[in-house]
Amino acid sequence: MSSTCRSGSTSTGLGDDTPSIVAQGWTTPPGGTVVGVSDTASSTALLTDHYELTMLQAALQAGTAHRRSVFELFPRRLPEGRRYGVVAGVGRALEAIERFRFDDEVLGALDAGGVVDEQTLAWLADHTFTGDVWGYPEGEVYLPYSPLVVVEGTFAEAVLLETVLLSIYNHDSAIASAASRMTWAAGGRPCIEMGSRRTHEEAAVAAARAAYVAGFEATSNLAALQRHGIPTTGTSAHSFTLLHDTERDAFTAQVTSLGRGTTLLVDTYDIAEAVRTAVDVAGPELGAVRLDSGDLGLLAHEVRAQLDSLGATGTKIIVTSDLDEYAIAALAAAPVDGYGVGTQLVTGSGHPTSGFVYKLVSREGDDGQMVPVAKRSKDKGSVGGRKYALRHLSADGVAEAEVVGIGTPPRDDGDDRELLVRLVRDGAVVGHEPLSAARERHLTSRDELPLPARMLSKGQPVIPTLHLD
């Protein structure tokens, strides 16, 4: 799958491609990422909850704010019925940490709102994160109790990151987890993300990025191109056909402007008549036709037969219309060449959040030693102590268990893969990477899972989580 973006022009549509449905001519932007100026300028410090700062104020007054602490972000369970999850949002989280600063504008808002006292405002004015962050790299598969993020620092600096990290990871991992199931169900046929109209405008950009990590080929969202270098694609909607006096006029205008390799939407009126007109206007070089309503499987068979009879044997069939992983799987036997997925993707296909939590698991005692701490609430407990994580593999390289332990991991005996990598060292981000690396990692990690991971029916996690003391 392509990990590149088209430079200097817009895509001409889902159909002008060989062999992918994404148009040819893509080039990789420098570093694999494009970040908008507005994104790099704004502080992320207020993307948090009020109580993060009131805890800070009270801890400063009590003299406990500077105790060394370890927080962990993890799932207690997978979303109901899911067999695995996918980590996404790591790159966005690292950018958020870099921009987590209390500048004059932020401090002014806190002061005007009476959120904290003068002592705390003075501390925040001088605050810079100086701790360490470890985590699962982006695109990695996760299971229950996987320690996806480990934040080490003082209580004051680590607690402030709770909400922004949870917000990013919970959303992006939910989208990536759904996207992974969809791309697996697609069986190698490309998937395009097109759900911007069905979610918040900023969530739409994040969703496009997360879907790309989990194997989607492209997005319709242009901000995702600008900020992250994700390929974009799109041609026309029903309104374009309705604008013109006839369907032929609409098709002629589109082909004249975008070329014969474009994708024509053929279900505004009569599909069979539209297909005949499309091939007559564009010739057998027509890139693709798009179906957006009706019984997509049946229609795909009928349209494929019609295209072939008209000599357009190379014209592809793209389907859209409220697709999810189940609908995609149901179309496996249909002559479909690609899928456009919107609402179900950007809402996590029924699970719009991952259910991650962020808990203090270790803190400095009065004697200077680290002390494990844990929440004991019924059904919401945590396990104290700083964790390590390994993926135990069989001799054939198939994942058999998620191994989560406390302290120092055992010596590698050749069948365990370490999962935590350094993301931040002494306050400096060291974990940035291009999205292409996350995409490749996801495919490798997913392919390690046992075959039942491919099943779309509800079930238990595909491998168990083993807790070692």
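This briefing describes selected helix contacts, sheets and crossovers of the structure shown above. The model is a predicted one. Its features include an open sheet of seven strands with antiparallel pairing and an open sheet of four strands with mixed pairing. A further group of strands, β11, β12 and β13, is linked by parallel pairing, with β11 joined to β12 and β12 joined to β13.

**Helix α2 and its contact with α5**

- Residue Q57 belongs to helix α2, which spans residues 50–62.
- Although Q57 and V115 are separated by 58 residues in sequence, their C-alpha atoms are 9.7 Å apart in space.
- Leaving aside residues up to four places away in sequence, Q57 touches V115, V116, D117 and T120.
- The axis of α2 comes within 10 Å of the axis of helix α5 (residues 118–125), and the two cross at roughly 100 degrees.
- Because of this crossing angle, α2 counts as roughly perpendicular to α5.
- On the α2 side the contact is formed by L53, L56, Q57, L60 and Q61, which meet Q119, T120, W123 and L124 of α5.
- By residue class, this contact of α2 with α5 comprises five nonpolar and four polar residues, with no charged ones.

**The seven-stranded sheet**

- The strand order in this open sheet is β15-β14-β3-β7-β5-β19-β20.
- Its edges are β15 (370–372) and β20 (428–429), each of which pairs on one side only.
- Within the sheet, six bridges connect strand β3 (residues 68–75) with strand β7 (residues 149–154) in the antiparallel sense.
- L73 has V149 in β7 as its bridge partner.

**Helices on the seven-stranded sheet**

- Helix α3 (residues 90–98) lies across β5 (132–135), β19 (421–425) and β20, and runs at about 15 degrees to β19.
- Helix α7 (residues 162–186) also packs on the sheet, where it touches β3, β7, β14 (356–364) and β19.
- The direction of α7 makes about 140 degrees with that of β14.

**Strand β12 and its parallel neighbours**

- In strand β12 (residues 316–319), K316 and I318 point one way while I317 and V319 point the other way; all of these residues are buried.
- Strand β11 (residues 288–291) runs parallel to β12 and is joined to β12 by four bridges.
- Across this pairing, L291 stands opposite V319 of β12.
- Between β11 and β12 the chain passes through helix α13 (residues 296–309), forming a right-handed β-α-β crossover.
- β12 is also joined by two bridges to strand β13 (residues 338–341), again in parallel.
- In this second pairing, I318 stands opposite G338 of β13.
- Together with helix α14 (residues 325–330), β12 and β13 make a β-α-β unit that is right-handed.

**The four-stranded sheet**

- This open sheet has the strand order β18-β16-β17-β21.
- β18 (416–418) and β21 (465–468) are its edge strands, each pairing on one side only.
- From one strand to the next, the twist averages 30 degrees.
- Strand β16 (residues 387–393) runs antiparallel to β18, with three bridges joining the two strands.
- L390 stands opposite E418 of β18.

Key: Residues numbered from 1 in each chain as written. Predicted model: local features only at pLDDT ≥ 70, side-chain atom pairs only at ≥ 80, totals over all residues. Heavy atoms only, no water. Contact = heavy atoms within 4.5 Å. Axes fitted to C-alpha atoms, helices over the stretch in contact; angles between N-to-C directions. Parallel < 35°, antiparallel > 145°, perpendicular 65-115°, else oblique. Nonpolar A, V, L, I, M, F, W, Y, C, P; charged D, E, K, R; others polar. Pairing = 2+ DSSP bridges. Buried < 20%, exposed > 50% of the residue type's maximum accessible area, 1.4 Å probe, protein only. Right-handed = clockwise from strand over helix to strand, strands pointing away.
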